[in-house]
Amino acid sequence: MRAESPELMPWARSSIAILCLLLAASVLSRIHTYRIQPEGGGVVAWEAPSGFVDLGDGILLPRDVAQPMILPIESCSSSASVYFAQVSPYEPDPSLLGRPRPGDRVFYVYRGWHLGNRFINISLNSIYFSRRAYARWKMQKIPTTRDFALKFIVPSSCKASPEAVMAVFRTTLPPFVFPSVQSRD
């Protein structure tokens with residue numbers, strides 16, 4: 001008795017055909033992307049240098065300055081605390097940074113986005129994985145493992161909004177001039 005393979009159903013055949021077409025389209029798009037040369041021989045996408053922390057609104061902070069700091073707020077009697085938490089599922093829990101007292105307000109900011117304070121691990125991990133997926137999709141090298149989120153601990157006596165605290169933080173930063181890029185002309 002001879003063993004024969006069963007006939008494929010029409011939906012199975014069409015599914016295999018669609019998967020083959022998607023594979024071919026993926027390979028062709030990768031070949032096309034790698035063949036494109038940017039004008040002037042530069043890089044395809046600009047990314048912030050690895051020695052800086054992106055604070056949003058075009059403000060970069062040198063990494064050597066990115067240390068826990070005390071932030072004096074004029075409208076408050078006591079100062080707020082600022083901590084830098086790495087955006088990665090492989091780093092310690094950012095909610096363990098600092099020691100907020102009962103009643104203190106805690107909020108997180110990532111590249112200018114106010115993330116709130118609930119479920120911060122889920123928010124930061126989803127940012128991390130979505131940026132990694134985007135980098136893979138666009139075939140770019142994005143330093144997601146070096147991203148930082150800011151953790152602000154505002155005393156309970158201070159009624160300043162998260163946006164106001166972030167504005168004060170941006171104004172108290174040391175001035176930094178981004179080095180100019182020399183053209184090859």
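Where is Y108 found? Y108 sits in strand β5, and I'd like to use that strand as our way into this chain. Before we go on, please keep in mind that what you see is a predicted model.

Let me give you the overall layout. The chain has 3 helices and 7 strands. If you walk along the sequence, the elements come in the order α-β-β-β-β-β-β-α-β-α. There are 185 residues, and 29% of them count as buried. The accessible surface adds up to about 13200 Å², with 59% of that belonging to carbon and sulfur atoms. And for those of you who like contact maps: take the contacts with a separation of 6 or more, and 63% of them come from residues 24 or more positions apart.

Back to Y108, then. Is Y108 buried or exposed? Y108 counts as buried, because its relative accessibility is 2%, and the cut-off for buried is under 20%. Setting aside neighbours within four places in sequence, the contacts of Y108 include P94, S95, W113, H114, L115 and G116. N117, I120, L150 and K151 are also among the residues that Y108 touches. For a distance you can check on screen, go from the C-alpha of Y108 to the C-alpha of A85: the two are 9.2 Å apart in space and 23 residues apart in sequence.

Now for the aromatic rings, which I enjoyed most. The count comes to 6 aromatic pairs. One of them is F107 with F152, a stacked pair with 5.1 Å from centre to centre and 20° between the planes. F107 belongs to strand β5 and F152 to strand β7, so this pair ties together parts that lie 45 residues apart in sequence. How buried are these two? F107 has a relative accessible area of 3% and is buried, and F152, at 0%, is buried too.

F152 has another partner, F169. Here the ring centres are 5.7 Å apart and the planes stand at 80°, so this pair is edge-to-face. It links distant parts of the chain, with F152 in strand β7 and F169 in helix α3, 17 residues apart. Both F152 and F169 are buried.

That brings us neatly to helix α3, residues 162-172. Which residues of α3 are buried? They are P162, V165, M166 and F169. Why do they end up on the same side of α3? Because they cover an arc of only 100° around the axis. Turn to the other side of α3 and you find E163 and T171, which are exposed. As for what the buried residues pack against, the list runs through β3 (69-71), β4 (80-86), β5 (105-110), β6 (113-116) and β7 (148-154). So β5, the strand that holds Y108 and F107, turns up again in the packing of α3.

There is also a cluster of rings: Y90, Y128 and F129 are linked by ring pairs. Y128 has a further contact to look at, with S88. S88 lies in the loop between β4 and β5, and with 10% relative accessibility it counts as buried. Leaving out residues up to four places away in sequence, S88 touches N125 and Y128.

On to charges. Side chains of opposite charge can pair when their charged atoms come close. How many salt bridges does the count come to? The count is 1. The partners are D104 and R101, whose side chains meet at 4.0 Å, N to O. The cut-off for a salt bridge is within 4 Å, in case you want to try other thresholds. The two partners sit in contrasting surroundings: D104 counts as buried at 14% relative accessibility, whereas R101 is exposed with a relative accessible area of 53%.

Last stop, the outside. L23, V27, L28 and I31 make a nonpolar surface patch of about 380 Å². I31 has its place in helix α1, residues 10-35. I31 is partly exposed, with a relative accessible area of 40%.

To wrap up, here is what I'd look at on screen: the stacked F107 and F152 pair, the buried residues of α3 and the strands they pack against, and the patch around L23, V27, L28 and I31. Thanks, everyone!

Note on methods:
Residues are numbered from 1 along each chain as its sequence is written. This is a predicted model: local features need pLDDT of at least 70, side-chain atom pairs count only at pLDDT 80 or more; totals for chains, interfaces and linings use all residues. Side-chain values use heavy atoms; hydrogens and water are left out. Buried means under 20% relative accessible area, exposed over 50%, partly exposed in between (1.4 Å probe, protein chains only). Helices (H or I, at least four residues) and strands (E, at least two) are DSSP runs, numbered from the N terminus. The arc is that of the directions from the helix axis to the C-beta atoms. Contact means heavy atoms within 4.5 Å. Patches are made of residues with over 30% relative accessible area and no salt bridge: like charges are joined within 9 Å, nonpolar side chains (Val, Leu, Ile, Met, Phe, Trp, Tyr) within 5 Å. Accessible areas come from the Shrake-Rupley method with a 1.4 Å probe; for residues, only the protein chains shown count as cover. Rings of Phe, Tyr and Trp (its six-membered ring) pair if their centres lie within 6.5 Å; planes under 30 degrees apart count as stacked, over 60 as edge-to-face and the rest as tilted.
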